[in-house]
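Welcome to this set of exercises. Keep the sequence and the 3D view open beside you, and try each task before you read its solution.

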Amino acid sequence: MTNLGSRALCLFVERLNTESASEDERRPPEIIALDGVVSLRIRHNLVMTAAGVRPDSLIFEPLPGRPVPTVRLTVDDDDIVVRVNGEIVGSTCELHVRDVLKCVGEPVALHLSMIQRPYVGPVATEHVGRACAVCKAPIDDPPTAVVLECVACGAVLHEHAPDLGSTGEFLECAKTVTACPVCETRLQREESYVYVPGLAG
Ligand SMILES: [Zn+2]
Ligand SMILES: [Zn+2]
């Protein structure tokens with residue numbers, strides 16, 4: 001089953017030494033996409049990123065298929081002590097959305113979040129024949145039909161579709177619920193972050 005919506009884990013980079021930064025030096029938060037294995041090196045307030053596993057780095061590996069979005073962190077850097085939510089971690093641990101990672105001595109904090117890009121639009125071939133999560137009727141593809149995918153589980157719902165069983169009626173199943181009936185995640189229609197940290201500065 002292919003979903004047209006997507007979710008991707010990411011890291012908000014927070015600069016903690018804002019008292020020394022002038023207004024012009026304050027930059028908007030950097031966001032590092034974890035759309036695969038990503039290695040980070042943090043040295044003297046610099047955060048360098050590279051795709052794949054690199055030596056002497058913090059390695060972030062999203063673990064697909066987990067019910068709760070999860071990233072495995074491997075600390076492969078003898079010069080760095082990592083705290084997650086204040087607790088020192090060993091060579092590997094699992095991170096979840098809202099976890100905050102700091103390296104001792106570095107004025108940087110990394111906040112794990114997730115961007116979600118829901119699909120709301122015309123019926124695609126991958127939707128046809130699947131049951132609407134609300135009314136259970138199979139999704140059909142008349143040209144004017146619009147469906148919404150749950151961004152968390154991929155369930156498909158009628159957003160605004162002609163009811164082929166009764167002329168002039170429309171199915172608006174997605175508008176009758178606030179949460180996905182399958183996974184109970186709040187239904188989203190706009191691109192958004194699951195969590196936006198309140199950043200210093
Ligand atoms: Zn429906
Ligand atoms: Zn769902």
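## Exercise 1: The chain as a whole

The chain has zero helices and 16 strands; here helices (H or I, at least four residues) and strands (E, at least two) are DSSP runs, numbered from the N terminus. This is a predicted model, in which local features need pLDDT of at least 70 and side-chain atom pairs count only at pLDDT 80 or more, while totals for chains, interfaces and linings use all residues. Residues are numbered from 1 along each chain as its sequence is written, and chains are lettered from A and ligands numbered from 1 in the order in which they are written.

**Task.** Work out how spread out the chain is, and how it divides into domains.

**Solution.**

- Step 1. Begin with the radius of gyration, which is taken over C-alpha atoms; the globule rule is 2.2 Å times the number of residues to the power 0.38. For 201 residues this rule gives 17 Å, but the chain has 21 Å, well over that, so the chain is more spread out than a compact globule.
- Step 2. Look at the spans: along its principal axes, the C-alpha trace covers about 70 × 35 × 25 Å.
- Step 3. Find the domains, whose bounds come from an automatic or database domain assignment. Domain 1 runs over 6-116 and domain 2 over 118-176. Their centres, taken over C-alpha atoms, are 38 Å apart.
- Step 4. Turn to burial. A residue is buried if 20 or more other C-beta atoms lie within 10 Å of its own, exposed if 12 or fewer, and partly exposed in between, with C-beta atoms placed from the backbone. By this count, 26% of the 201 residues are buried.

## Exercise 2: A sheet of five strands

**Task.** Trace the open sheet of five strands and name a residue pair for its pairings.

**Solution.**

- Step 1. Write down the order, which is 4-3-5-6-9, with antiparallel pairing. Two strands pair if DSSP finds at least two bridges between them.
- Step 2. Mark the edges: strand 4 (46-51) and strand 9 (92-96) each pair on one side only. On average, neighbouring strands of this sheet are turned by 25° against each other, direction ignored; such axes are lines fitted to C-alpha atoms, for helices over the stretch in contact, and angles run from 0 to 180 degrees between N-to-C directions.
- Step 3. Go from strand 3 (residues 38-43) to strand 5 (residues 57-63): three bridges join them, and Ser39 stands opposite Ile59.
- Step 4. Move on to strand 6 (residues 70-76), which is joined to strand 5 by seven bridges. Here Glu61 has Arg72 as its bridge partner. The hairpin of strand 5 and strand 6 has six residues between the strands, and in it Gly65 takes a positive phi near 85°.
- Step 5. Finish with strand 6 and strand 9, which pair over five bridges; Thr74 faces Thr92 there.

## Exercise 3: Partners of strand 1

**Task.** Which residues stand opposite Ser6 and Phe12?

**Solution.**

- Step 1. Strand 1 (residues 6-15) pairs with strand 11 (residues 108-117) in the antiparallel sense over ten bridges. Arg117 is the bridge partner of Ser6.
- Step 2. Strand 1 also pairs with strand 2 (residues 30-33), antiparallel, over four bridges. Ile31 stands opposite Phe12.

## Exercise 4: Two loop residues

**Task.** Are Asn85 and Lys136 buried or exposed?

**Solution.**

- Step 1. Asn85 lies in the loop between strand 7 (82-84) and strand 8 (87-88). Because Asn85 has 11 C-beta neighbours inside 10 Å, Asn85 counts as exposed. Its phi is near 50°, a positive value in a residue other than glycine.
- Step 2. Lys136 sits in the loop between strand 12 and strand 13. With 9 C-beta neighbours inside 10 Å, Lys136 counts as exposed. The phi of Lys136 is near 70°, again positive in a residue other than glycine.

## Exercise 5: The surroundings of Ala174

**Task.** Why does Ala174 count as buried, and which residues does Ala174 touch?

**Solution.**

- Step 1. Place Ala174 in the loop between strand 15 and strand 16 (192-193).
- Step 2. Ala174 counts as buried because 26 C-beta neighbours lie inside 10 Å.
- Step 3. List the contacts (C-beta atoms, placed from the backbone, within 7 Å). Not counting residues up to four places away in sequence, Ala174 touches Leu148, Leu157, His158, Glu159 and Leu187.
- Step 4. Compare sequence and space: Ala174 and His158 are 16 residues apart in sequence and 5.8 Å apart in space, C-alpha to C-alpha.

How values were computed. Two residues are in contact if their C-beta atoms, placed from the backbone, lie within 7 Å.
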